[in-house]
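Trainee: Could you take me closely through the beginning of this chain, and then set what we see there beside a few places further along? I would like the helix packing and the surroundings of individual residues handled together.

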Amino acid sequence: GFDLDAAVAVLSCEPMVATEHLEALIDQSLIRREEGDRGDVRFGMLETIREFGIDRLAERGELDAVRTAHARFFADLTTDLVPQLRDRRQRTALRVIAAEHDNILAALRHLLDRGEAGSALALVVALNQYWGLTGRHTEALAWLELALRLPNEGVDPDLWLTAVALRAMNRAITAELAGTEADVQYWRGQA
């Protein structure tokens, strides 16, 4: 699912225009409006409709641009929410990240597929705090492994070292100790 803010960002238009497009799609039964417990409005669609839309975007040569806009929006959203995980807004931030988790992971997959190591690592490092708070250390480790496989040319060295340290920490927490010592030695040698 998605909300109006995501639609505005991906469509790159004004909220009124996005609302008109969304209402037209609702009228055609291509998407549905879903109201949450807190009065928040989200939109959803069947998987077959989503796949059809992906095919049409690919045919028109617009798929990469749409996925990139989607990735930027959800990477920025996550980056904005992570500091809130450490203050009185934690509950709200946890709820929003949980609601957008599939979108955030799709954004991360896109960044990895494009080989955008810096952006992918920044998103994984940001998400690590969420994964830690929710006990998802195995998930954190898997995404850190994928992001650290990308070439690190042009990546901020501090960001790279942070990711290596987080990988070591998540390996230790999940009892995957095989690479932990190597990560710690690498980190010590670079820090």
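Mentor: Helices here are DSSP runs of H or I with at least four residues, strands are DSSP runs of E with at least two, and both are numbered from the N terminus. Please also keep in mind throughout that this is a predicted model.

In those terms the chain has 9 helices and 2 strands, and in sequence order these elements follow the pattern α-α-β-β-α-α-α-α-α-α-α. The C-alpha trace spans about 60 × 40 × 25 Å along its principal axes. Of the 191 residues in the chain, 37% are buried, and the accessible surface comes to about 11,000 Å², with 53% of that area belonging to carbon and sulfur atoms. Among the contacts with a separation of 6 or more, 55% join residues that lie 24 or more positions apart.

With that background we can turn to the part you asked about, beginning with a single side chain. Val8 is placed in helix H1, which covers residues 4-11. Its relative accessible area is 18%, and because buried means under 20%, Val8 counts as buried. Once residues up to four places away in sequence are set aside, Val8 touches Cys13, Glu14, Pro15 and Ala18. For Ala18, 10 residues along the chain from Val8, the separation between the two C-alpha atoms is 5.8 Å.

Between Val8 and that partner the chain passes through Ser12, which is found in the loop between H1 and helix H2 (15-27). Ser12 has a positive phi of about 55 degrees although it is not a glycine. That deserves a second look because most residues other than glycine have a negative phi. Ser12 is also exposed, with a relative accessible area of 64%, whereas Val8 in the helix before it is buried. A comparable case follows at the other end of H2, where Ser29 sits in the loop leading from H2 to strand E1 (32-35). Ser29, again not a glycine, has a positive phi of about 60 degrees, and with a relative accessible area of 62% Ser29 is likewise exposed.

H1 also has a partner further along the chain, namely helix H4, which runs over residues 63-81. The two helices pack at an angle of about 135 degrees, with their axes 8 Å apart. Angles over 145 degrees count as roughly antiparallel and those from 65 to 115 as roughly perpendicular, and H1 and H4 are therefore oblique to each other. In this arrangement H1 passes H4 in a right-handed crossing. On the H1 side the contact is formed by Asp5, Ala6, Ala9 and Val10, and these meet Val66, Ala69, His70, Phe73 and Phe74 in H4. Sorted by class, the residues of this contact divide into 7 nonpolar, 1 polar and 1 charged.

H4 packs against helix H3 (residues 47-59) as well, here at an angle of about 120 degrees and with the axes 7 Å apart. That angle makes H3 oblique to H4. From H3 the residues Ile54, Leu57 and Ala58 take part, and they meet Leu63, Val66 and Arg67 in H4. This second contact has 5 nonpolar, no polar and 1 charged residues. Val66 deserves attention when you inspect H4, since Val66 is named among the residues that meet H1 and also among those that meet H3.

For a setting beside Val8, look at helix H7 (residues 137-148), where His137 is placed. At 18% relative accessibility His137 counts as buried. Neighbours within four places in sequence aside, His137 is in contact with Trp131, Gly132, Asn170, Ile173 and Thr174. Glu145 is found in H7 too, and Glu145 is buried, with a relative accessible area of 18%. With the same kind of neighbours left aside, Glu145 is in contact with Arg167 and Arg171. The C-alpha atoms of Glu145 and Val124 are 9.9 Å apart, with the two positions 21 residues apart in sequence numbering.

Methods: Residues numbered from 1 in each chain as written. Predicted model: local features only at pLDDT ≥ 70, side-chain atom pairs only at ≥ 80, totals over all residues. Heavy atoms only, no water. Axes fitted to C-alpha atoms, helices over the stretch in contact; angles between N-to-C directions. Parallel < 35°, antiparallel > 145°, perpendicular 65-115°, else oblique. Left-handed = near helix turned anticlockwise from the far one by under 90°. Contact = heavy atoms within 4.5 Å. Nonpolar A, V, L, I, M, F, W, Y, C, P; charged D, E, K, R; others polar. Buried < 20%, exposed > 50% of the residue type's maximum accessible area, 1.4 Å probe, protein only. Areas by Shrake-Rupley, 256 points an atom, 1.4 Å probe, with all protein chains shown as cover.
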